[in-house]
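I opened my notebook to follow one helix and a few residues that caught my eye. Here is what I looked up, in the order I went.

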Amino acid sequence: ISALFLMTSPKIASLSWGQMKVQGSTVTYKDCKVWPGGSRAWDWRETGTEVPASTVEYLEKQSIDVWVLQTEQAVKEYNSLVAQGVRVGGVFHSTC
């Protein structure tokens, strides 16, 4: 069994304007990416803050559920899935 398969998604511990804390990380992020086993800063200038339709279509073709939500709602949904033991990832922009 792959170690990645066993990794869980980290909970988003807190969200306020311009600041996010992720469980298991000592870093305070402005914007971040999270996935089973980790997190890192996200520079939205690399890709913009909008999710391209092509990305959503690709993920859906892979049978991956996709939600594009306002950040507070996205964190709530993400943490709910984490609490259920679902392996989930996300990209969060704390000032939207």
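The entries below go from the helix to single residues and then to charges.

**Entry 1: the helix α3**

I kept in mind from the start that this is a predicted model. I began with α3, which covers residues 71-83 and has 13 residues. From first C-alpha to last I get 18 Å, close to the 18 Å expected at 1.5 Å a residue.

Next I asked which residues of α3 are buried. My list reads Thr71, Ala74, Val75, Tyr78, Asn79, Leu81 and Val82. Looking down the axis of α3, I find these buried residues within an arc of 160°, so they line one face of the helix. The general rule helps here: an α-helix has 3.6 residues a turn, so residues three or four places apart point the same way. On the other side of α3 I noted Glu72, Lys76 and Ala83 as exposed.

What covers the buried residues of α3? I wrote down four strands that are included in the cover: β1 (12-16), β2 (19-22), β4 (31-35) and β6 (90-93).

**Entry 2: the two ends of α3**

I then checked how the N-terminal end of α3 is capped. Gln70 does it, with a side-chain oxygen 2.9 Å from the backbone nitrogen of Glu72. After α3 comes Gly85, and its phi is positive, near 85°.

Going back along the chain, I stopped at Ser63, in the loop between α2 (53-61) and α3. Ser63 is not a glycine, yet I read a positive phi of about 65°. Its relative accessible area is 68%, so I put Ser63 down as exposed.

**Entry 3: Thr71**

Thr71 lies in α3, and I wanted to know whether it is buried or exposed. At 7% relative accessibility, Thr71 counts as buried. Its side chain reaches the backbone oxygen of His93 at 2.6 Å. Setting aside neighbours within four places in sequence, I listed Leu15, His93, Ser94 and Cys96 as the contacts of Thr71.

**Entry 4: Asp31**

Asp31 sits in strand β4, and I looked for its charge partner. Asp31 is buried yet has no salt bridge. Lys30 is the nearest side chain of opposite charge, 4.9 Å away, while a salt bridge needs the nitrogen and the carboxyl oxygen within 4 Å. What I did find is the backbone nitrogen of Ser94, 3.0 Å from a polar atom of the Asp31 side chain. Beyond neighbours within four places in sequence, Asp31 is in contact with Arg40, Ala41, Trp42, Trp44, Phe92, His93 and Ser94. Ser94 and His93 were already in my notes as contacts of Thr71.

**Entry 5: the salt bridge**

How many salt bridges does a search of the whole structure find? I got one. Asp43 forms a salt bridge with Arg45, and the closest N and O atoms are 3.0 Å apart. As a general point, side chains of opposite charge can pair when their charged atoms come close. I also noted exposure for the pair: Asp43 is partly exposed at 30% relative accessibility, and Arg45 is exposed with a relative accessible area of 65%.

**Entry 6: Gly24**

My last stop was Gly24, in the loop between β2 and β3 (28-29). Gly24 is exposed, with a relative accessible area of 85%. I also took its distance to Thr47: the two are 23 residues apart in sequence and 26 Å apart in space, C-alpha to C-alpha.

Note on methods:
Residues are numbered from 1 along each chain as its sequence is written. This is a predicted model: local features need pLDDT of at least 70, side-chain atom pairs count only at pLDDT 80 or more; totals for chains, interfaces and linings use all residues. Side-chain values use heavy atoms; hydrogens and water are left out. Helices (H or I, at least four residues) and strands (E, at least two) are DSSP runs, numbered from the N terminus. The expected span of a helix is 1.5 Å times one less than its number of residues. Buried means under 20% relative accessible area, exposed over 50%, partly exposed in between (1.4 Å probe, protein chains only). The arc is that of the directions from the helix axis to the C-beta atoms. Contact means heavy atoms within 4.5 Å. A polar contact is a pair of N or O atoms within 3.5 Å; within protein, one must be able to donate a hydrogen and the other to accept it, and residues adjacent in sequence count only if both atoms are side-chain atoms. Lys and Arg count as positive and Asp and Glu as negative; His and the chain ends are not counted.
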